[in-house]
Amino acid sequence: MTIPHLTGVHPAWLPPEAFRAIGSRRTLVLGDDSALAATVRAEVADACERYGGGVAAPGEACDLVLALSSAGPLPPAVAAVRGPAAGPEGFVLGRLDGVTVVLADDPAGLLYGWFEVVRLGEAAFGAERPAEAHRPALRRRMLDHWDNIDVHPVMGQVERGYSGGSIFWHDGVLRADLTRVRAYGRLLAATGINAVAVNNVNVHAAEARLLTDRLGEVAAIAAELRPYGIRVHLSVNFASPIALGGLDSADPLDEGVREWWARTTERVYATIPDFGGYVVKADSEGQPGPFAYARSHADGANMLADALAPHGGVVHWRAFVYNHRQDWRDRSTDRARAAHDHFAPLDGQFRDNAILQVKYGPMDFQVREPVSPVIAAMPGTRLAVELQVTQEYTGQQRHVCYLAPMWSEVLGFRFWGPEGRTVAEVAGDGGLVAVSNVGDDPYWTGHPLAQANLYAFGRLAWAPRLDPAAILDEWIGLTFPEVGPETGPEKTGRAVRSTLHRMMDGSWRTYERYTAPLGVGFMVRPGHHYGPDVDGYEYTPWGTYHFADRDGVGVDRTRASGTGFTGQYPAPWSEVYESLADCPDELLLFFHHVPYEHVLRSGTTVVQHIYDTHFAGAEEAAGIRLLWEKLAGEVDPALHERVRERLDEQVRSAEEWRDQVNSYFLRKSGVPDARGRRIY
């Protein structure tokens with residue numbers, strides 16, 4: 001096992017300095033002969049070689065013990081953490097009598113415990129620390145790559161990718177050097193991620209063959225990710241029996257089709273024994289599915305689940321299904337209703353190893369949406385909640401937009417009131433999934449500060465109750481360590497730390513202020529989804545989103561007079577959203593069509609709120625840029641310049657959003673800005 005060290009690629013949150021505290025001490029590793037235990041040994045040896053520490057033998061004095069509970073004999077120091085149970089993938093961490101101990105029941109827990117000590121740095125070796133169990137709250141913590149093998153003529157090599165090309169493929173073939181893939185696996189493991197789907201959910205011709213004659217490429221990727229505990233999943237085309245198998249049908253109830261999937265899946269596991277399973281987008285946005293055979297989504301998912309079950313695999317069946325050829329004149333059609341209408345009646349009909357993958361909101365990764373009611377509607381179905389780390393609708397990694405505060409709100413949302421379960425608890429056995437924002441850019445995510453979103457996703461998938469500001473603080477400390485022999489990641493310069501918090505803590509709400517207001521979405525330019533176009537999607541088959549006219553704005557989704565979407569929520573939220581008086585301001589226009597002079601709880605009118613927030617958001621974007629300029633000389637010059645370029649674009653774009661949105665609503669409403677500011 002070799003630890004990957006890249007040149008010309010930013011180390012993200014695992015720079016060499018992050019390992020100084022451990023690498024300068026003596027560490028004892030008591031594992032087994034598994035690949036993950038070998039990884040931990042290699043990590044320890046690499047850190048010690050760099051910083052002068054040592055790998056201790058059993059019986060020798062040491063500062064850190066990393067041990068499996070099944071290893072033996074265990075040193076006396078382990079007794080200090082014997083109390084709490086670690087559980088699958090978990091670990092117990094404590095410090096007593098000058099020795100820090102990580103105890104795990106399985107090698108995955110040992111690996112995650114290692115990275116927890118890395119994250120703590122010197123703090124892991126300070127004061128005594130009572131034994132504390134660290135267990136993942138969600139079983140699967142997964143990233144979906146939307147990578148294409150061939151460059152798509154419209155979407156490029158990575159669909160909705162804003163960080164360059166694929167780290168897996170280049171010029172239509174698997175990359176010859178996959179060292180960066182292993183380094184990627186290491187970064188992900190350090191945050192707790194344990195699964196990756198390697199290709200686009202919109203499966204094109206070349207990618208479809210990854211299931212058959214190009215399966216060796218998936219196996220090669222799996223070999224690089226395996227040492228860090230990451231299982232590979234594959235997006236597959238539902239019509240593969242026709243496209244790849246020469247059958248004349250893909251009917252999920254046809255015995256020949258089912259046999260084809262069983263044989264094909266058996267070959268997959270013969271090649272990749274720890275293969276995770278399939279991801280499927282079916283009967284959505286032109287992708288084939290069971291509707292062609294008058295079958296249900298449960299029929300389609302169960303066919304694949306049955307093929308995977310003998311091997312321990314799962315199928316992630318995406319719930320992103322809606323009519324994308326609707327008539328904009330028809331106000332009864334509501335895209336927000338679609339997933340619930342399709343899937344809620346199927347609750348209890350899916351196999352145990354079929355996971356319904358539900359976007360966190362009912363629309364499509366907008367900067368502000370209510371939580372999808374599908375998550376509450378299917379207690380008899382395993383659900384995974386899907387987020388979007390890649391910033392399709394939140395600035396495309398050209399804007400600073402730290403998304404952890406949004407995700408934290410979603411994961412902590414309680415459908416059934418204060419005593420009910422959270423979204424994270426509902427999804428505990430299914431998992432948390434997000435669309436990756438990584439590409440072959442030297443900074444991984446294009447915008448260096450967008451790395452924080454990838455880091456935060458992994459940390460929230462492991463521990464959804466973590467404070468987003470604390471997660472950001474971890475990321476800053478690891479990513480921007482001071483340079484010098486006596487310092488480490490926990491001693492990041494105060495100026496850098498405080499400035500990045502001021503720039504990023506509230507950046508999601510800043511982005512919301514200068515883009516779509518009060519819960520309406522899709523005010524973006526069609527196709528590439530970047531920049532303002534208030535009516536861009538308003539008269540298209542993809543849906544209608546704000547219904548602005550001379551009298552008011554917003555979508556009536558009430559049961560009383562609208563599409564009835566509010567009725568898809570359980571109480572109390574069905575009543576809260578139905579009520580104009582009780583609906584939260586930030587979602588008002590998602591649920592209600594109101595006059596421009598409707599007064600919000602803040603005391604201002606809707607149209608004045610639009611003016612005020614768009615002016616404020618643009619000012620905040622300019623302020624973020626000024627803060628960054630003051631860090632010149634405090635961070636790496638090349639990184640500083642890359643961020644400065646992105647901030648220049650963010651300021652320009654925020655001003656364009658401000659001017660277009662404000663001008664649109666001034667012209668629609670005829671209501672002037674009460675503060676007399678310039679609106680075009």
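These legends go with a set of close-up views of a predicted model.

**Close-up 1. Helices α2 and α3 packed together.**
Here we look at α2, which covers residues 35-51, and α3, which covers residues 107-120. Their axes sit 8 Å apart, and the angle between them is about 25°. The two helices are therefore roughly parallel to each other, and their crossing is left-handed. From α2, the residues making the contact are Leu 36, Ala 37, Thr 39, Val 40, Glu 43, Val 44 and Ala 47. On the α3 side they are Pro 107, Ala 108, Leu 110, Leu 111, Trp 114 and Phe 115. Sort the residues of this contact by class and you get eleven nonpolar, one polar and one charged.

**Close-up 2. The largest pocket, with α2 in its lining.**
Helix α2 turns up again in this view, as it gives the largest share of the lining of the largest pocket, four residues. Helix α4 (179-189) is here too: α2 and α4 each supply at least two lining residues. The pocket has a volume of about 780 Å³, and 35 residues line it. To find the centre, look for His 10, Pro 11, Pro 15, Pro 16 and Glu 17, the lining residues that lie nearest to it. By class, the lining has 22 nonpolar, six polar and seven charged residues.

**Close-up 3. The largest cavity.**
How many cavities of 30 Å³ or more does the count come to? The answer is six, and this view shows the largest cavity, with about 120 Å³ of space in it. Its lining is made of 13 residues, and those nearest the centre are Ala 319, Phe 320, Ala 339, Pro 362 and Met 363. Helix α10 (338-343) and strand β16 (354-359) each bring at least two residues to the lining. Split by class, the lining of the largest cavity has nine nonpolar, two polar and two charged residues.

**Close-up 4. Helices α12 and α14.**
This pair is made up of α12, residues 404-412, and α14, residues 451-462. The axes come within 10 Å and cross at roughly 20°. That makes α12 roughly parallel to α14, and the crossing of these two is right-handed. Ala 404, Trp 407, Ser 408 and Leu 411 make the contact from α12, with Asn 453, Ala 456, Phe 457 and Leu 460 on the α14 side. The contact has six nonpolar and two polar residues, and no charged ones.

**Close-up 5. Helix α14 with α15.**
Stay with α14 and bring in α15, which runs over residues 468-479. The axes of α14 and α15 come within 10 Å and cross at roughly 125°. Are the two helices parallel or oblique to each other? They are oblique, because an angle of roughly 125° falls outside the ranges for roughly parallel, roughly antiparallel and roughly perpendicular. The crossing is right-handed. On α14, the contact residues are Gln 451, Ala 452, Tyr 455, Ala 456, Arg 459 and Leu 460. They meet Ile 471, Leu 472, Glu 474, Trp 475, Leu 478 and Thr 479 of α15. By class, this contact has eight nonpolar, two polar and two charged residues. Two of the α14 names may ring a bell: Ala 456 and Leu 460 also take part in the contact with α12.

**Close-up 6. Cis peptide bonds before Pro 73 and Pro 572.**
Start with Gly 72 and Pro 73, which are joined by a cis peptide bond with an omega of about -10°. Pro 73 belongs to the loop between strands β3 (64-68) and β4 (91-96). Now move along to Ala 571 and Pro 572, where a cis peptide bond has an omega of about 10°. Pro 572 is in the loop between strand β19 (552-553) and helix α18 (573-578).

**Close-up 7. Asp 171 and its positive phi.**
Which residue has a positive phi although it is not a glycine? That is Asp 171, with a phi of about 55°. You'll find Asp 171 in the loop between β10 (169-170) and β11 (173-174).

Note on methods:
Residues numbered from 1 in each chain as written. Predicted model: local features only at pLDDT ≥ 70, side-chain atom pairs only at ≥ 80, totals over all residues. Heavy atoms only, no water. Axes fitted to C-alpha atoms, helices over the stretch in contact; angles between N-to-C directions. Parallel < 35°, antiparallel > 145°, perpendicular 65-115°, else oblique. Left-handed = near helix turned anticlockwise from the far one by under 90°. Contact = heavy atoms within 4.5 Å. Nonpolar A, V, L, I, M, F, W, Y, C, P; charged D, E, K, R; others polar. 1 Å grid on protein atoms, 1.4 Å probe; cavity = no way out; pocket = protein on both sides within 12 Å on 5 of 7 lines; lining within 4 Å. Points joined across faces, edges and corners; volume = space filled by probe spheres on them.
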